[in-house]
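User: I would like to go through this structure with a few short questions. Please show it before we start.

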Amino acid sequence: MEYRLKEPLFCNRNVTIASECAGVKLLPAGVWIDRDVEFGNVMAVSKSAGAFANEVGRTMANLKQIAAELSLSVTTVSRALKDGPEVQPSTIARVKEAAKRVGYLPNHHGRALKTGRTQTLTAVLPMETRDHLSDLLKLPLIEGMTLAARQAGYSLSIYSTTPDDDPVESVQRQLQAHSADGLVITRLVSADPRVKLLLDKRMPFVAFGRTDLDIAYPYVDVDNEQIAYEATRRLMDKGCRRIALQLLVPEDQASATRLSGYGRAMAEAGIPIDPSLIGHGMFTMESSAGWFDRLLASSDPPTGLACANELGLLGALHALGKRGLTPGRDVHIVTRDSTRLARFLPAKIGVHSVDMAGVGRKLIEVLESRIINPLGPVETVLVQGRFEPAE
């Protein structure tokens, strides 16, 4: 049987549904009323009493209910829930306490329809399906982004891709979905087409990393060139002249900047670069161990190594252990470390620590600024590593 309520369901009295739903009380959006309702033509109800009761249990409180309870305007309640500076702190506390008590949750879908904003930020992060441990290195970055997004009033969505996915197609899917107010893109390559695509579409974004395009775009990056330069110089200070360098894939701009820093240090010292000492790859533990073991087996093995990351370091230590060699004595090592893992290894290793949680926070701060003021100055941030000598 179908019933039609005469008026919208924002009420300040109880509603009792008659006939087969007799005795079932409905709290659709407001508070309770005490009398039967004349049926009209505004909202259809065609559920059994049991189904209707279940719907009542799922109904969430709304801003009007909170406003009525606290004798405030809906506007004040809305601003208080967003920590609006124009609202007294005591009022913000009252509103949030009431919202928590009645189980209020914001309707992001409704807000998106009304304002065009989803209150969601999406980070496009590639997964390392060939070595799951590599994905662990992203956790501090995700943590920083998550906390910063929440503090700014956003939810963070992670859009995971595989090594076989086209990065441009992944971004195009996000643009077509209209599911985020801004994007974080990572692992930039030379002349990265995603940057121009997002600028042309006027989609707020921030890049984690840099490309060599001659256009302004917002980014946060780690100064990999300076880290590689300092690592190479410090290995030279230990007396090393045969210095091996780990890089990621050649197309990755982080690899290009690391190679630039390494080359600058070698040139200043007057040491020619031996291409056989430069390794390209994702440097999982297995691939790093195999690559470094081959170098150690050569007729003129390296005496120093600049590692790309923690997994590259673990592979190199495994290769040294197999040959009975000791890091810090037979081969000196400096590594970049984003997780502080290197500090807990029983080996003398120089470490460039990078606060990746801080990088994640800064990415969201830059992105939020871009969303608020898309025509404002283009912000760029270069994060330095902090060196900790071998102990």
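User: Which elements each supply at least two residues of the lining of the second largest cavity?

Analyst: This is a predicted model. The lining of the second largest cavity includes Ile-227 and Ala-231, and helix α10 spans residues 224-237. Ala-306 and Cys-307 are also in that lining, and strand β13 covers residues 304-307. With β14 added, the elements that each supply at least two residues are α10, β13 and β14.

User: Which strand gives the most to this lining?

Analyst: Val-334, Thr-335 and Arg-336 are among the lining residues, and β14 runs over 332-337. With three residues, the strand that gives the most is β14.

User: How do the lining residues divide into nonpolar, polar and charged?

Analyst: Arg-258 and Arg-336 are in the lining, and Arg counts as charged. Thr-335 and His-352 line the cavity as well, and these types count as polar. The division is five nonpolar, two polar and two charged.

User: How much space lies in the second largest cavity?

Analyst: The search of the whole structure finds two cavities of 30 Å³ or more. For the second largest, the space is about 30 Å³.

User: In which order do the strands of the open sheet of six strands lie?

Analyst: The edge strands, each pairing on one side only, are β12 and β17. β11 and β13 pair in the parallel sense over three bridges, while the pairing of the sheet is mixed. The order is β12-β11-β13-β14-β15-β17.

User: At about what angle to β14 does helix α10 run?

Analyst: Helix α10 lies across β11, β13, β14, β15 and β17. Its angle to β14 is about 160°.

Conventions: Residues numbered from 1 in each chain as written. Predicted model: local features only at pLDDT ≥ 70, side-chain atom pairs only at ≥ 80, totals over all residues. Heavy atoms only, no water. Pairing = 2+ DSSP bridges. Helix = DSSP H or I, 4+ residues; strand = E, 2+ residues; numbered from the N terminus. Contact = heavy atoms within 4.5 Å. Axes fitted to C-alpha atoms, helices over the stretch in contact; angles between N-to-C directions. 1 Å grid on protein atoms, 1.4 Å probe; cavity = no way out; pocket = protein on both sides within 12 Å on 5 of 7 lines; lining within 4 Å. Points joined across faces, edges and corners; volume = space filled by probe spheres on them.
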